[in-house]
Amino acid sequence: MHPRRPTRQVHVGTVAVGGGAPVSVQSMTTTKTADVEGTLAQIYALAGAGCDIVRCTCNEEEAAEGLARIVPRSPIPIVADIHFQHRLALAAMEAGVQALRLNPGNIRKPQHVQAVAREAGDRGLPIRIGVNAGSLDPEIAARHGGATPEALVESAMRELAYFREVGFEDVKISVKASSVPLMIDAYRLLADTTDHPLHLGVTEAGPPPQGLVKSVAGIGTLLAEGIGDTIRFSLTADPVEEVRAGRTLLEALGLRERRGLDLIACPSCGRAEVDVIRVARDAQAALEDRGIPLQVAVMGCVVNGPGEARDADLGIAAGRGKGHLFVKGHVVRVVPEGEMVAALTEEAERIVAEGVEGALAHAEAGAEAAAAADREELLASQGPDVNHAAERIARIREIGGDVTSD
Ligand code: SF4
């Protein structure tokens with residue numbers, strides 16, 4: 001293993017990329033971003049599998065509006081993927097995303113690129129310059145005789161120069177290709193050209209096992225050379241598989257630690273009924289020492305918690321003075337708030353001893369009904385829009401105007 005290449009550091013929400021930070025794992029949702037609940041369920045499944053950063057497409061105004069509802073409830077930072085319409089980048093930032101990905105091959109007018117960079121600069125958000133061999137600017141491709149490593153790097157550096165003209169440098173870069181040798185050569189050249197952090201990927205790698213092998217060959221080779229700060233496996237498969245593969249590669253190369261207890265917690269939002277950070281910390285302390293190999297979720301509210309974390313083995317969601325203990329999304333017990341962590345530990349030990357089926361068999365009669373009643377009561381008292389998403393959506397509609405005029 002070569003030493004890691006020194007780079008600048010950018011922050012995608014709470015996740016540092018480059019500058020010596022652990023190599024992060026990314027994936028992308030496959031749902032329509034306008035489908036808020038479906039997208040959030042997928043994001044929770046990805047976070048549970050070890051995804052650090054997730055990308056969602058922002059390809060239409062409805063997607064930007066969906067992001068305004070998704071971002072406050074996502075457990076991991078969200079990158080909006082933008083193609084063609086720079087106004088959708090502005091709308092995604094209004095929706096609260098933690099970063100953007102722009103494809104220089106698809107947004108070509110420098111004034112549009114710079115309008116986005118200025119706004120990102122004002123908001124302190126990083127941008128990934130995401131060059132793709134398949135959608136390279138035709139003018140650059142023609143000059144280089146195709147999508148060569150030099151052409152891919154030139155496209156990235158030209159976009160970076162536009163950003164620099166408006167004083168924006170909070171940038172990470174990717175130069176993906178579906179050809180592994182091309183992708184390796186392009187990243188090597190890029191690493192020699194700039195000190196910005198690099199996002200690695202073999203694009204359109206295909207279904208496993210071919211897609212896995214190509215991704216490991218390309219990403220693994222570069223990581224072993226010390227190149228790369230964040231990775232994504234682009235598989236034609238459930239994105240959870242991408243994350244598992246990415247994490248496994250990083251663990252195999254000794255770049256990330258192995259996972260034991262997998263505690264996931266919602267980031268908390270306007271619906272939260274407890275101090276999620278404190279409960280998560282207490283739960284971690286209680287469970288970690290026991291070496292319990294489960295995925296456990298701590299969720300701030302009973303309205304959405306069990307649904308968002310339905311793939312977790314076990315979880316607790318906070319209601320008014322109560323905790324809903326759920327196993328694989330099914331409420332098995334309702335306990336007083338002060339007993340939440342103790343109940344969680346007890347249930348975790350039961351799952352280890354008797355399995356998920358055993359825990360579900362011990363579900364208290366009436367727990368689901370009591371939980372449903374608590375959810376209704378909370379929804380009635382908090383209203384449907386505690387995260388002020390409607391206000392953001394109104395502003396997105398102002399920004400949007402006629403997005404087809406880009
Ligand atoms: S408080 Fe509820 S809605 Fe908000 S992020 Fe947590 S679980 Fe989701």
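**Group meeting: two sheets, two domains**

Let me begin with the sheet of eight strands, which is open and parallel in its pairing, and whose strands follow the order β8-β7-β6-β5-β4-β3-β10-β9. At its edges stand β8, residues 171-176, and β9, residues 199-200, and because each has a single partner strand, one side of each is left without a neighbour in the sheet. I should say at once that what you have in front of you is a predicted model, and everything I describe should be heard with that in mind.

Staying with this sheet, strand β3, which covers residues 24-28, runs parallel to strand β10, residues 230-231, and the two are joined by two bridges. If you would like a pair of residues to look for there, Val25 stands opposite Ile231 in β10. Helix α3, residues 86-95, packs on the sheet, where it touches both β5 (78-82) and β6 (99-102), and its direction makes about 165° with that of β5.

The loop that lies between β5 and α3 contains Phe84, and this residue deserves a glance at its backbone, since its phi is near 70°, a positive value in a residue other than glycine. A second backbone detail is found at Pro208 and Pro209, which are joined by a cis peptide bond with omega of about 5°; Pro209 has its place in the loop between β9 and α8, the latter being residues 210-224.

Let me turn now to the other sheet. Which strands make it up, and in what order? The open sheet of five strands runs β11-β12-β13-β14-β15, and its pairing is mixed. Its edge strands are β11, residues 262-265, and β15, residues 330-336, each of which pairs on one side only, and from one strand to the next the twist averages 20°.

Within this sheet, β14, residues 322-327, and β15 run antiparallel and are joined by six bridges; as an example of the register, the bridge partner of Phe326 in β15 is Val331. Helix α13, which spans residues 367-382, lies across β14 and β15 and runs at about 70° to β15.

Next, the ligand, which many of you will want to find on the screen. The residues that surround the ligand number 14, and the closest are Cys266, Cys269, Gly300, Cys301 and Asn304. By class, this shell divides into seven nonpolar, four polar and three charged residues.

How is the chain divided into domains? The domain assignment gives domain 1 as residues 9-252 and domain 2 as residues 262-382, and the C-alpha centres of these two domains lie 33 Å apart. Where they meet, ten residues of domain 1 are in contact with 14 residues of domain 2, and the side of domain 1 that touches domain 2 has seven nonpolar residues, two polar and one charged.

Finally, a few words about the chain as a whole, which has 14 helices and 15 strands. Its radius of gyration is 22 Å, close to the 22 Å that the globule rule gives for 406 residues, and therefore the chain is as compact as a globular protein of that length. Along its principal axes, the C-alpha trace spans about 70 × 50 × 30 Å.

Technical notes:
Residues numbered from 1 in each chain as written. Predicted model: local features only at pLDDT ≥ 70, side-chain atom pairs only at ≥ 80, totals over all residues. Domains from an automatic or database assignment. Contact = placed C-beta atoms within 7 Å. Nonpolar A, V, L, I, M, F, W, Y, C, P; charged D, E, K, R; others polar. Pairing = 2+ DSSP bridges. Helix = DSSP H or I, 4+ residues; strand = E, 2+ residues; numbered from the N terminus. Axes fitted to C-alpha atoms, helices over the stretch in contact; angles between N-to-C directions. Near = placed C-beta within 6 Å. Rg over C-alpha atoms; globule rule 2.2 N^0.38 Å.
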